Amino acid sequence: MCMSADGYVTTPDGWPPQVIDPVHGPGSHGVAEFLRTCEAALMGRTTFEPALSAERWPWPELEVFVLGSHRPEGTPDDVVVDEDPVRLLEKIRAVNRGGDVHLIGGPGTIETYRALGALDKLEIVVLPFFVGGGMRLTESLNPATGLEFESSRPLEGGGVEIIYRVRKD
């Protein structure tokens with residue numbers, strides 16, 4: 001998950017903050033290396049919908065799963081949409097071949113799957129610019145979620161990746 005230096009995980013119009021970064025491109029901020037370890041992407045409908053109008057499909061090599069109450073117009077046929085988080089998790093597990101699933105924020109979706117015990121790590125890339133508005137991560141996640149600092153590292157372009165393990169109680 002990318003987050004601006006002022007704490008926003010979306011721009012005011014709902015896009016991920018990295019898309020307004022001048023150094024953003026396919027795979028920037030370590031995303032390319034990370035996606036090579038993944039076989040699927042899971043996100044909420046609000047996070048998914050902007051991708052429908054993107055110039056290029058963001059997940060060409062991944063199976064895509066969307067938590068949502070309806071199928072947005074223009075959704076590719078191979079994208080799985082379900083409103084029940086448990087049922088959607090079962091569908092993901094049924095096709096999993098051992099790779100990671102990229103859980104793409106919003107914060108509500110992240111917290112839903114953390115509460116179900118399906119989140120192993122939370123990796124945040126803090127970007128070196130401000131967006132001034134949008135959705136904040138910290139207003140949606142409970143501080144008692146069991147996140148434990150694991151590591152951090154600088155990234156090309158000025159960002160910093162911070163990785164938290166999710167404690168399984």
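## The main core

In this predicted model, the largest nonpolar core has 18 residues, and the ones touching the most other members are Leu42, Phe65, Leu88, Leu103, Ile110, Tyr113 and Leu137. Five elements each put two or more residues into this core: strands E2 (38–44), E3 and E6 (121–126), plus helices H3 (85–95) and H4 (107–115). The top contributor is H3, which supplies three residues. As a bit of background, nonpolar side chains in soluble globular proteins tend to be buried together.

Leu42 is a handy place to start looking around. Skip the neighbours within four places in sequence, and Leu42 is in contact with Phe65, Leu88, Ile92, Val101, His102, Leu103, Ile104 and Tyr113. There's also a second, separate core of 12 residues, with Trp59, Leu62, Val64 and Ile104 among them.

## The overall fold

Zooming out, the chain has four helices and eight strands, and along the sequence they come in the order β-α-β-α-β-β-α-β-α-β-β-β. The radius of gyration is 15 Å, close to the 15 Å that the globule rule gives for 169 residues, so the chain is as compact as a globular protein of that length. If you box up the C-alpha atoms along the principal axes, you need roughly 40 × 40 × 30 Å.

Of the 169 residues, 41% are buried. Take the contacts with a separation of 6 or more: 59% of them link residues 24 or more positions apart. On the outside, the chain exposes about 9,200 Å², and carbon and sulfur atoms supply 51% of that area.

## Salt bridges

A search of the whole structure turns up 10 salt bridges. In general, side chains of opposite charge can pair when their charged atoms come close. One of the bridges joins Asp82 to Lys91, with 2.7 Å between the closest N and O atoms. The two partners sit in different accessibility classes: Asp82 is buried, at 6% relative accessible area, while Lys91 is partly exposed, at 33%.

Another bridge pairs Lys121 with Glu150, at 2.9 Å from N to O. Lys121 belongs to strand E6 and Glu150 to strand E7 (residues 147–154), so this pair ties together parts that are 29 residues apart in sequence. Both ends are partly exposed, with relative accessibilities of 38% for Lys121 and 28% for Glu150.

Glu150 has a further partner in Arg165, where the N to O distance is 3.5 Å. Arg165 lies in strand E8 (residues 160–166) and Glu150 in E7, so here the parts being tied together are 15 residues apart in sequence. Arg165 is partly exposed too, at 35% relative accessibility. Through shared partners, salt bridges join Lys121, Glu148, Glu150, Arg165 and Arg167 into one network.

## A loop residue: Leu52

Now for a residue in a loop. Leu52 is in the stretch between helix H2 (45–48) and strand E3 (63–67). Is Leu52 buried or partly exposed? Its relative accessibility is 28%, so Leu52 counts as partly exposed.

Leu52 still has company from elsewhere in the sequence. Leaving out neighbours within four places, Leu52 is in contact with Trp57, Pro72, Glu73, Gly74, Thr75 and Pro76. Take Gly74 from that list: Leu52 and Gly74 are 22 residues apart in sequence, yet their C-alpha atoms are 6.6 Å apart in space.

Note on methods. Residues are numbered from 1 along each chain as its sequence is written. This is a predicted model: local features need pLDDT of at least 70, side-chain atom pairs count only at pLDDT 80 or more; totals for chains, interfaces and linings use all residues. Side-chain values use heavy atoms; hydrogens and water are left out. Buried means under 20% relative accessible area, exposed over 50%, partly exposed in between (1.4 Å probe, protein chains only). Contact means heavy atoms within 4.5 Å. A nonpolar core is a set of buried Ala, Val, Leu, Ile, Met, Phe, Trp, Tyr and Cys residues joined through side-chain atoms within 4.5 Å. A salt bridge is a side-chain nitrogen of Lys or Arg within 4 Å of a carboxyl oxygen of Asp or Glu. The radius of gyration is taken over C-alpha atoms; the globule rule is 2.2 Å times the number of residues to the power 0.38. Accessible areas come from the Shrake-Rupley method with a 1.4 Å probe; for residues, only the protein chains shown count as cover.
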